[in-house]
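Work through the exercises below with the sequence and the model side by side, and try each task before reading its solution.

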Amino acid sequence: MVETREVPAPGADGTIAETPPEPVPERVPEVRAETPAAGLGRLPHGPSGLGTAAARVVDLLRPSVPEPAGDVSDAASSGSSDLPSPVPSGLPSPLPPGLPDGFPPGDLPGVLSDALTGALGGTLGGLHVPRIPFTAVDAGECGGPPSPYRPQTARVGGPVSPGYAERPWGDGSFSPLYCPITARIDDVLAREVNDRLVAWAEEVGIYAGHLEQFRNAGFGRLSTLCHADTDDVDLLLLGAQVNAAWWASDDYYADESELGATPTKLPPRLALVMSAMDAPPPAGKYTRQLDEALEADPVLRAFASATAHLRRHASPSQVMRICNTTFQMYVSWTAYAAWRHLGELPPVWRYLAARQHDSFYTSMTLIDIVGGYHLGADLFYEPRVHRAVMQAGTASVIVNDLHSVEREAADDLPDCNVVLLIAEEENCPLPEAIESAVALHNDFVRGFEASQKELASIPSPELQRFLQGVQSWMAGGLEWHASSDRYK
Ligand SMILES: CC(C)=CCC/C(C)=C(\C)COP(=O)(O)OP(=O)(O)O
């Protein structure tokens, strides 16, 4: 049974509070019976050598005695009949419900408030932005048994993140991650996008033999969580396809030895991605050979297909933005490959410097394209804007490192990971290294928040909407890492 109704504010995991949270602490932590972080709490002190530490991580992160998961279903069911719809002053009515009391915050700058208005629906600087309907679907009708890790309500929230909060993560034993609150969780939409993504993956041939794993990674869900300002399935699919292609190159070329990733083959393989995304001008008989190579590799087919889809929605400068960001990200990948090949561990500063150009900044370059609007190149690359997006991208990729310690330590050639590197460099226990990484993350998010406030004086609806999109992306990224099978 699909029911359309207005819903109150979600907690970060999508559950609905009986009364909206006060002011925005998250209702329900992403409690899991056993997580990499839970295992890390049991780690002994004093790692010595990344390989050794990695091997220990793999052993010690294995689930021990499962604990009962947090009861999220109670909150969800109790909230579903309680539908307050606060309309804060300062925003035009109708305001979508689902925003906590006190939203928007009193210090929200006027331009940002306007941007929210635009994102919530209405006309903004001549730009019509449709208001996105809110629907809730009985979780039982969405297919599959209710999971304690997944939101029990199919759709909660709205198109913009309602603010920032200290978000519990992992088993809750580490300091919280200061992060925006997830804007929208829509299981039905996520499933539709993910199903289409899996069909596409099968067509282009990536993750052949691993399609269920690919499905359960939920890159379609990632796109839906991060791009909360659109319900357009085709655009959300585009976001999912481009991210899946990036991840395919990461898995097949950079990280997963089992999938054939080898450090010495990485640079020439990445060079071919450039040709798949941005076909070079014809070069006589050599072009046929290039085309054959592009056709022969599923990862390259995925890039060619995703970029063709991108070209149908994006302007030329947006397309080249995606291409060039991908290529610059790959420079960092070659640095990791060299360290891996030589068996060297970079100092943390050096890894971080590379990681900052190899972060979810790349994914965030899709925000306006998936949102169906265009942030012009001069604003996108305005130094303060660029810095802000880099801050957010780095924060989000630290979330990735925090969630993927086990996965990255498990490979024969362990990956670089900020937690493992801090533990090695500081000769400290992994839990302490995790705390350092959390603090680093939180500083980046606070930095972004400050940048966003500073940039609120720039009277561009597209820029304000884009910055809201970055905020929503950070939130959705955390939500996804906590629930994706990829990090279990
Ligand atoms: C692949 C992609 C979307 C690029 C942007 C961010 C990024 C570089 C990654 C998430 C890849 O990092 P990593 O290899 O650590 O990711 P996994 O832990 O393997 O998911």
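**Exercise 1. Find out which residues of helix α19 (residues 418-426) are buried, and describe the residue that follows the helix.**

Solution. Keep in mind from the start that the model is predicted. The first step is to go along helix α19, where Val418, Val419, Leu420, Leu421, Ile422 and Ala423 are buried. The second step is to look just past the helix, where α19 is followed by Asn427, and the phi of this residue is positive, near 50°. The third step is to place Asn427 in the chain, and it turns out to sit in the loop between α19 and α20 (430-455). The last step is to count neighbours: because 12 other C-beta atoms lie within 10 Å of Asn427, this residue is exposed, the cut-off for exposed being 12 or fewer.

**Exercise 2. Leu345 and Leu421 are 76 residues apart in sequence; find how far apart they are in space, and describe the surroundings of Leu345.**

Solution. Begin with the position of Leu345, which belongs to the loop between α12 (316-342) and α13 (348-356). Next, the C-alpha atoms of Leu345 and Leu421 are 7.6 Å apart in space. Leu421 is one of the buried residues of α19, whereas Leu345 counts as partly exposed because it has 19 C-beta neighbours inside 10 Å. For the protein chain as a whole, among contacts between residues at least 6 apart in sequence, 75% join residues at least 24 apart.

**Exercise 3. Examine Tyr207, whose phi is near 55°, and decide whether it is buried or exposed.**

Solution. Start from the general expectation that most residues other than glycine have a negative phi. Tyr207 has a positive value although it is a residue other than glycine. Then locate Tyr207 in the loop between α5 (187-204) and α6 (211-217). Finally, count the C-beta neighbours of Tyr207: there are 24 inside 10 Å, and therefore Tyr207 counts as buried.

**Exercise 4. Describe how the helices α8 (233-255), α9 (residues 266-277) and α11 (residues 298-313) pack against one another, taking one pair at a time.**

Solution. Take α9 and α11 as the opening pair: they pack at an angle of about 30°, and their axes are 8 Å apart. Since angles under 35 degrees count as roughly parallel, α9 and α11 are therefore roughly parallel to each other. Their crossing is right-handed. Leu272, Val273, Ala276 and Met277 on the side of α9 meet Leu300, Phe303, Ala304 and Thr307 on the side of α11, and the residues of this contact divide into seven nonpolar, one polar and no charged.

Now turn to α8 and α9, which pack at an angle of about 155° with their axes 9 Å apart. Because of this angle, α8 is roughly antiparallel to α9. The contact is made by Ser249, Tyr253 and Ala254 of α8 together with Leu266, Arg269, Leu270 and Val273 of α9, and by class it has five nonpolar residues, one polar and one charged.

The remaining pair is α8 and α11, for which the angle is about 155° and the axes are 9 Å apart. These two helices are therefore roughly antiparallel to each other, and their crossing is left-handed. Among the residues of α8 that meet α11 are Leu235, Leu238, Gln241 and Val242, while the residues of α11 in this contact include Val299, Ala302, Phe303 and His309. The residues of the contact divide into twelve nonpolar, four polar and no charged.

**Exercise 5. Which residues come nearest to the ligand, and which elements supply its shell?**

Solution. First look at the 15 residues around the ligand, of which Trp246, Trp247, Asp250, Thr362 and Ser404 come nearest. Then ask where the shell comes from: the elements that give two or more residues to it are α8, α14 (361-364), α17 (383-403) and α18 (405-410). The largest share, five residues, comes from α8. Finally, sort the shell by class, which gives four nonpolar, six polar and five charged residues.

Conventions: Residues numbered from 1 in each chain as written. Predicted model: local features only at pLDDT ≥ 70, side-chain atom pairs only at ≥ 80, totals over all residues. Contact = placed C-beta atoms within 7 Å. Near = placed C-beta within 6 Å. Helix = DSSP H or I, 4+ residues; strand = E, 2+ residues; numbered from the N terminus. Nonpolar A, V, L, I, M, F, W, Y, C, P; charged D, E, K, R; others polar. Buried ≥ 20, exposed ≤ 12 C-beta atoms within 10 Å, placed from the backbone. Axes fitted to C-alpha atoms, helices over the stretch in contact; angles between N-to-C directions. Parallel < 35°, antiparallel > 145°, perpendicular 65-115°, else oblique. Left-handed = near helix turned anticlockwise from the far one by under 90°.
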